[in-house]
Amino acid sequence: MSAAAGPLTRPELKALLAERGWSADACFLDEQPVRADTIVLAPAEDGWDVYLVGERASAVEQTPRHFEDEAEA
């Protein structure tokens, strides 16, 4: 996959994750439930929340970040 100008779209991100063998390492909460040991991209009322979920399927406290839109996340 070549580097594109601007932010990745969701399909581009999914393709990149699959290409690198990391597709099991991220989940989009509007598509699937939380899984242990993943990076979560969750739609929020005013944007997107991104955080790491640990082995017990709960958010790792130090990791939450908020973004204004999906492309920024």
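The following exchange asks how certain descriptions of this predicted model are justified.

Me: Why is glycine 47 called buried?
Reply: Buried means under 20% relative accessible area. Glycine 47 has a relative accessible area of 10%, so the residue counts as buried. Glycine 47 belongs to strand β3, and it touches Ala42, His66, Phe67 and Glu68, leaving out residues up to four places away in sequence.

Me: What makes arginine 10 and glutamate 31 a salt bridge?
Reply: The rule asks for a side-chain nitrogen of Lys or Arg within 4 Å of a carboxyl oxygen of Asp or Glu. For arginine 10 and glutamate 31 the N to O value is 2.6 Å, so the pair meets the rule. Side chains of opposite charge can pair when their charged atoms come close.

Me: Which parts of the chain does the pair of arginine 10 and glutamate 31 tie together?
Reply: Arginine 10 lies in helix α1 and glutamate 31 in the loop between β1 and β2, so parts 21 residues apart in sequence are tied together.

Me: Why is arginine 10 called buried, and what is glutamate 31 called?
Reply: The cut-off for buried is under 20%, exposed is over 50%, and partly exposed lies in between. Arginine 10, at 16% relative accessibility, is therefore buried. Glutamate 31, at 42%, is therefore partly exposed.

Me: How do you know that arginine 10 also forms a salt bridge with glutamate 70?
Reply: The closest N and O atoms of arginine 10 and glutamate 70 are 2.5 Å apart, and the limit is 4 Å, so this pair qualifies. Glutamate 70 lies in the segment after β4, so its pairing with arginine 10 in helix α1 ties together parts that are 60 residues apart in sequence.

Me: What makes Arg10, Lys14, Glu31 and Glu70 a network?
Reply: These residues are linked by salt bridges. Arginine 10 is paired with glutamate 31 and with glutamate 70, while lysine 14 meets glutamate 31 at 2.6 Å, N to O. The count by this rule is three salt bridges.

Me: Why are β1 and β4 said to stand at the edges of the sheet?
Reply: The open sheet has four strands in the order β1-β2-β3-β4, with mixed pairing. β1 and β4 each have a single partner strand, so one side of each is left without a neighbour in the sheet.

Me: How do you know that β3 and β4 are paired?
Reply: Pairing requires at least two bridges, and β3 and β4 have three, so they count as paired, in the antiparallel sense.

Terms used. Residues are numbered from 1 along each chain as its sequence is written. This is a predicted model: local features need pLDDT of at least 70, side-chain atom pairs count only at pLDDT 80 or more; totals for chains, interfaces and linings use all residues. Side-chain values use heavy atoms; hydrogens and water are left out. Buried means under 20% relative accessible area, exposed over 50%, partly exposed in between (1.4 Å probe, protein chains only). Contact means heavy atoms within 4.5 Å.
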